[in-house]
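Q: Please take a close look at one part of this model, the salt bridges and the residues that form them. Set them in the context of the chain as a whole.

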Amino acid sequence: MTDSAIVQVIKAKVAKIIAENRKLRAEATKLTAERDKLKADNRAMVHQIAELEKRIGVLEISKGMTGATGQNTKLARQRVNLLMREIDRCIALMNK
């Protein structure tokens, strides 16, 4: 093989590597953007879950306070006790 043939083979291989590098960089950029979007979606869903759990708690308390008997009353008492413990912890933290 002549020197110019070797140089041509090396140039072809380098060009192929450069093209593959560009392709992989573009794919990495795309995947990074997709990851960031999924993280934002996840944060939004976690926030929504927290808000819905708060609403469920309020609804349970309101059902328990409307004079319902049985399980609803028990749930309302448990929730009120939980809230009272949370208030006590907050007061204790404020007194420190």
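A: **Salt bridges along helix 1**

Lys-37 and Asp-41 lie 4 residues apart in helix 1, so about one helical turn separates them. This is a predicted model, and the contacts described here are computed from its atoms. The side chains of Lys-37 and Asp-41 form a salt bridge, with 3.0 Å between the closest N and O atoms. The two partners fall into separate accessibility classes: Lys-37 counts as exposed at 53% relative accessibility, whereas Asp-41 is partly exposed at 31%. The cut-off that matters for Lys-37 is 50%, because a residue is called exposed over that value.

A second pair has a similar description. Lys-54 and Glu-51 are 3 residues apart in helix 1, which again means a separation of about one helical turn. Their side chains meet in a salt bridge with an N to O distance of 4.0 Å. That value sits at the limit of the rule, because the nitrogen has to be within 4 Å of a carboxyl oxygen. Lys-54 has a relative accessibility of 52% and counts as exposed; Glu-51, at 34%, is partly exposed.

The remaining pair is Arg-35 with Asp-36, whose side chains meet in a salt bridge at 3.0 Å, N to O. Here Arg-35 is partly exposed, with 42% relative accessibility, and Asp-36 is partly exposed as well, with a relative accessible area of 37%. The count for the model comes to 3 salt bridges. As a general point, side chains of opposite charge can pair when their charged atoms come close.

Now the wider setting. The chain contains 2 helices and 0 strands, and helix 1 covers residues 3-65. Of the 96 residues in the chain, 5% are buried. The area exposed by the chain is about 8,700 Å², and carbon and sulfur atoms supply 63% of it.

The nonpolar side of the picture includes a surface patch of about 560 Å², made by Met-1, Ile-6, Val-9, Ile-10, Val-14 and Ile-18. One of these residues, Val-14, is found in helix 1. Val-14 has a relative accessible area of 41% and is therefore partly exposed. That value also meets the accessibility condition for a patch, because patch residues need over 30% relative accessible area.

To return to the request, the paired side chains are Arg-35 with Asp-36, Lys-37 with Asp-41, and Lys-54 with Glu-51.

Methods
Residues are numbered from 1 along each chain as its sequence is written. This is a predicted model: local features need pLDDT of at least 70, side-chain atom pairs count only at pLDDT 80 or more; totals for chains, interfaces and linings use all residues. Side-chain values use heavy atoms; hydrogens and water are left out. Patches are made of residues with over 30% relative accessible area and no salt bridge: like charges are joined within 9 Å, nonpolar side chains (Val, Leu, Ile, Met, Phe, Trp, Tyr) within 5 Å. Accessible areas come from the Shrake-Rupley method with a 1.4 Å probe; for residues, only the protein chains shown count as cover. Buried means under 20% relative accessible area, exposed over 50%, partly exposed in between (1.4 Å probe, protein chains only).
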